[in-house]
Amino acid sequence: MNLSPHKRAFIAGTMILTATGFLSRILGFFYRIFLSRAIGAEGLGIYNMVHPIFGICFALCAGSIQTAISRFTAADPDHAKRTLLSGFSLSFAMSLAAAFVIRHFSGPLAEHVLMEPRCAPLLSVMAFAIPCTSVHACICGYYYGKEKVSVPAAAQLFEQTIRIFTVFLLVSVCIEKRIPVTVSLAVFGLVAGEAGSALFVLIFFLLFHEFHENTGRSCRIGQSSIKNPLFRNSERISDLSGNLFSPMSALLALAAPLMANRLILNLLQSAETIMIPERLTVYGLTRSQAVSTYGTLTGMAMPFVLFPSALVNSLAVVLLPATARHQSAGNDSGIAAGISMSFRYSLYLGIFCIGVFTVFGDVLGLQIFKSQDAGSFIQILAWLCPFLYLATSSGSILNGLGKTKLTFFHHLVSLLVRIAFVWFGIPEFGIRACLWGMLASEILLSLLHILALRRSVSYDWNVWTFIGKPVFCLLCALWIFRLFPEELPIPAGFPDFFRTAAQVLILSTVYLLFLLFFHRKQDQITS
């Protein structure tokens, strides 16, 4: 089968990001287990409470500019270097200012914003990570736009490895010297990981940039100019003089609304994070119990549910520039094919995860984290998976089509639904109201994205292919799985988790075989 260079790059990029994403998730998964036992559920809750501040800084200083660099690089590869350096100058200056503010006002931010004075020393350390995220995000945005995803993928893996190694080393030193292990060690690991990944992508860019530029330029000879209105700003970049920072206004024109959108969303997410422990105290828990429950949810249960999303996240990353390129060429069929493919695989994975987490969630919570609550949370959050994965992939396509305002509105409505469940539901039903709110908001978000795409692009929606087939395959796989002995033999000395992992592997294999069988049958019918 002959594939176009762009399609080969798309497939290769998805596979690279998926492989590194899974490896990174595996490392992060065992890191979470180690961290939960080193600092406990309450420590995890305090550690996760500083992330809203970090997320706000990333939205302001790096995330939106990364997206703008990626889209302009995909639209106008010949001026990618000027675009990158302009975006980086803007992002790095903003990140330095943000780091200064957080470091010098860590006390008031912890006490009056996060409502947790114990977060003050964590914020002071975390401030050093913000300029590093700027370097990392801008250069990765450049390579995403070039559809050379191997560099960001390697940087992601490098960042995770450095973070884990740093925390392991610090904890080992503390134990050896009989120093108390505190939450600050996890933040030191965060800073080390961000600094390592920033250094990695910077060195790679400085050493190999010219080679990639020359190779890419020789492959683009004879390509037509971009005429789609979506990329008017990128045409302005092309027409400007040789001034290195001249594209900055065009980048700001795209990044500013994205920045405002992400800032509002991050503020609402931060409000939700702050509200959850507070509303749990209204429900009747002590402050310590509330933070511990929040830590169990965000530090134990959610990583399980998000673990399989490496495939969908990888697909979403490469869908944005690919969709932008198809739109610039007027290739609606290419956009429709990307939508159908993303929906199909998101639902295949999400429906399978429902089966795995509802069957094994309770056992996994006890075996991995020694927590009954974690297992119960995993079982409830299992139903989140199909909608979470659909919302991720469809939102990326909408952003690739330039409908950033629409995606912002969808996320805003979804977040308000979640906050309503937190504010009104938790005092009556406890943490389960938060889980119900997450499910309701993701269902709403995915439906809004799907309807918006339906209005923009005509694509195939086959209920049997997208929903019926994976549900039937899952039911058949679960029925066959029941034929296996409940207690699979494992070598002596191995933890019980290996038995559960073997059972999950058996279920996964049977499910995949059924999917492949029906896929071949469908190909035979259509041929």
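These are notes on salt bridges, a helix pair, one buried residue and a surface patch in a predicted model.

1. Salt bridges overall. The structure holds six salt bridges. Three of the pairs are Arg118 with Glu42, Glu159 with Arg163, and Glu278 with Arg287.

2. Arg118 and Glu42. The closest N and O atoms of this salt bridge are 2.9 Å apart. The pair links distant parts of the chain, with the two positions 76 residues apart: Arg118 is in the loop between α4 (106–113) and α5, and Glu42 is in helix α1 (residues 5–49). Arg118 has a relative accessibility of 38% and counts as partly exposed. Glu42 is also partly exposed, at 24%.

3. Glu278 and Arg287. An N to O distance of 2.7 Å is found for this salt bridge. Glu278 is partly exposed, with 31% relative accessibility, and Arg287 is partly exposed at 24%. Through shared partners, salt bridges join Glu42, Glu116, Arg118, Glu278 and Arg287 into one network. The pair in point 2 therefore belongs to the network that includes Glu278 and Arg287.

4. Glu159 and Arg163. The side chains form a salt bridge with an N to O distance of 2.7 Å. Both residues are in helix α7, four residues apart, or about one turn of the helix. Glu159 counts as buried because its relative accessible area is 10%, under the 20% cut-off. Arg163 is buried as well, at 15%.

5. Helices α6 and α7. Helix α6 (residues 129–145) packs against helix α7 (residues 150–176) at an angle of about 145°, and the axes are 8 Å apart. From α6, the residues in the contact are His136, Cys140, Tyr143 and Tyr144; from α7 they are Val151, Pro152 and Ala155. By class, six of these residues are nonpolar, one is polar and none is charged.

6. Val125. This residue lies in helix α5 (residues 120–126). Val125 counts as buried, since its relative accessibility of 17% is under 20%. Leaving aside neighbours within four places in sequence, Val125 contacts Arg103, Val187, Phe188 and Val191. The C-alpha atoms of Val125 and Ala99 are separated by 9.7 Å, although these residues are 26 apart along the chain.

7. Nonpolar surface patch. Trp461, Val463, Ile467, Val471 and Leu475 make up a nonpolar patch on the surface, and their accessible area together is about 410 Å². Trp461 is in the loop between α17 (431–456) and α18 (463–481). With 33% relative accessibility, Trp461 counts as partly exposed.

Notes
Residues are numbered from 1 along each chain as its sequence is written. This is a predicted model: local features need pLDDT of at least 70, side-chain atom pairs count only at pLDDT 80 or more; totals for chains, interfaces and linings use all residues. Side-chain values use heavy atoms; hydrogens and water are left out. Patches are made of residues with over 30% relative accessible area and no salt bridge: like charges are joined within 9 Å, nonpolar side chains (Val, Leu, Ile, Met, Phe, Trp, Tyr) within 5 Å. Accessible areas come from the Shrake-Rupley method with a 1.4 Å probe; for residues, only the protein chains shown count as cover. A salt bridge is a side-chain nitrogen of Lys or Arg within 4 Å of a carboxyl oxygen of Asp or Glu. Buried means under 20% relative accessible area, exposed over 50%, partly exposed in between (1.4 Å probe, protein chains only). Axes are lines fitted to C-alpha atoms, for helices over the stretch in contact, and angles run from 0 to 180 degrees between N-to-C directions. Contact means heavy atoms within 4.5 Å. Ala, Val, Leu, Ile, Met, Phe, Trp, Tyr, Cys and Pro count as nonpolar, Asp, Glu, Lys and Arg as charged, and the others, Gly among them, as polar.
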